[in-house]
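Please look over the sequence and the structure shown below before reading on. The report that follows takes up a surface patch, two sheets and one residue in turn.

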Amino acid sequence: MGRPFGVPVYVAPSWFLVAALITWVFGDQIERVLPELGAARYLVSLFFAVAFYASVLVHELAHTIAALRFKLPVRRIQLQFFGGVSEIEKESETPGREFVLAFVGPLLSLVLAGVFYLAMYAVDPGTVPGVLLAGLMISNLIVAIFNLLPGLPLDGGRMLRAVVWKLTGKPMTGTIAAAWVGRALAVTVLIGLPLLTRTGWLGNSTAGIDGFTTVTDALLAAILAAIIWTGAGNSLRMARLREHLPELRARALTRRAIPVEPDTPLSEALRRANEAGARALVVVDPTGDPTGIVREAAIAAVPQHRRPWVAVTTLAQDLNDGMRVPAELTGQPLLDHLRATPATEYLVVEETGEIYGVLATTDVERAFVKAMARPSS
């Protein structure tokens, strides 16, 4: 939809479902205040849905601007079912920055609610502008209050995480605490929201509550609870991922490789590799510079009886700059390098350009799964 501050904004398909739902529900509310509009009330309601999500975009832009201010890259902003998300690629370096990064979103929603409240004084409450401003004021206030609830993945959960991180000195402890509070919050929403509606504690009238309304409230509560519960679990998994990332080291995962000339028969190249205890083959030119990596899958596809007649160069993948991995890369920089140039094998080189070995993505994936299976410290 655009690139404010250089960050792409996307609208998920689920947004259209929510926009239709808001148009329908808010249209019925408008009919009670402005019955003379007739079917045109749905056009007004659709405008409200778009304006509301524009407010959500402003909320997410607050997070994005703060992240960019702290030199944290933001991959994208996505507007989706029940809100939006700013995909920040790196962890905040300090709990103070984490707190600020989380707080600016609800703060801006509160500011927007205040702006719409003041604007209501300039219009007649019984008009279309009055109804729209009142709706936007209330919706932004709800967004701010809901996001300030102290459980992940909500902004309030990130603020709680920052506080626990500050007190304990351990970001993982903060994440665990905020995630479990988020799960408790999900259960509370699942049970409490329908009860509050049924009892009228939310200020609504209980006289018109029927079976359809009850089912609708329960469904809404279940969706919200599922989103919060799933988000809390994802936050735990992402924190565990970041905690174990330093264990991924290119040098430790690299297979020993031997250089072979392009016209070397595959059987001979494999014999040399077995003698040297190597598990990979690198094709080199007459000067010894690497030109390609013999793919493991290609080797496995050649029958034994054909290997004496197949030259290794026919099974090699040509090297490009992205397939050369510095031996000292670890953690997130290593994953970023591999993600930038997808391949099955990479040539690992020393700072001098000397061949260190071959890194297979299967080995990285296996090490990653093994690290994630270990309990957090």
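## A nonpolar patch and two sheets

L110 counts as partly exposed, at 35% relative accessibility, where buried means under 20% relative accessible area, exposed over 50%, and partly exposed in between (1.4 Å probe, protein chains only). This is a predicted model, in which local features need pLDDT of at least 70 and side-chain atom pairs count only at pLDDT 80 or more, while totals for chains, interfaces and linings use all residues. Residues are numbered from 1 along each chain as its sequence is written, and side-chain values use heavy atoms, with hydrogens and water left out.

L110 is placed in helix α3; helices (H or I, at least four residues) and strands (E, at least two) are DSSP runs numbered from the N terminus. A nonpolar surface patch of about 950 Å² includes L110 together with, among others, F99, F103, L141 and L167. Such patches are made of residues with over 30% relative accessible area and no salt bridge (a side-chain nitrogen of Lys or Arg within 4 Å of a carboxyl oxygen of Asp or Glu), with nonpolar side chains (Val, Leu, Ile, Met, Phe, Trp, Tyr) joined within 5 Å and like charges within 9 Å. Accessible areas come from the Shrake-Rupley method with a 1.4 Å probe. Helices α3 (95-120), α4 (128-147) and α5 (155-168) each supply at least two residues of the patch, and the largest share, 7 residues, comes from α3.

The two sheets can be set side by side; two strands pair if DSSP finds at least two bridges between them, and angles run from 0 to 180 degrees between N-to-C directions of lines fitted to C-alpha atoms, for helices over the stretch in contact.

| Strand order | Pairing | Average twist |
|---|---|---|
| β1-β2-β3 | mixed | 20 degrees |
| β8-β9-β10 | mixed | 35 degrees |

In one sheet, β1 (9-11) and β3 (83-88) stand at the edges, each with a single partner strand, so one side of each is left without a neighbour in the sheet. Strands β1 and β2 (residues 74-80) run parallel and are joined by 3 bridges, and V11 has L79 in β2 as its bridge partner.

In the other, 5 bridges join β9 (residues 345-349) to β10, which run antiparallel, and Y346 is partnered by L359 in β10. Helix α12 (residues 361-373) packs on this sheet, touching β9 and β10, where contact means heavy atoms within 4.5 Å.

I293, in strand β6 (residues 290-294), is buried, with a relative accessible area of 1%. Among the residues that I293 touches are L281, Y346 and V358.

Key. Lists of a residue's contacts leave out its neighbours within four places in sequence.
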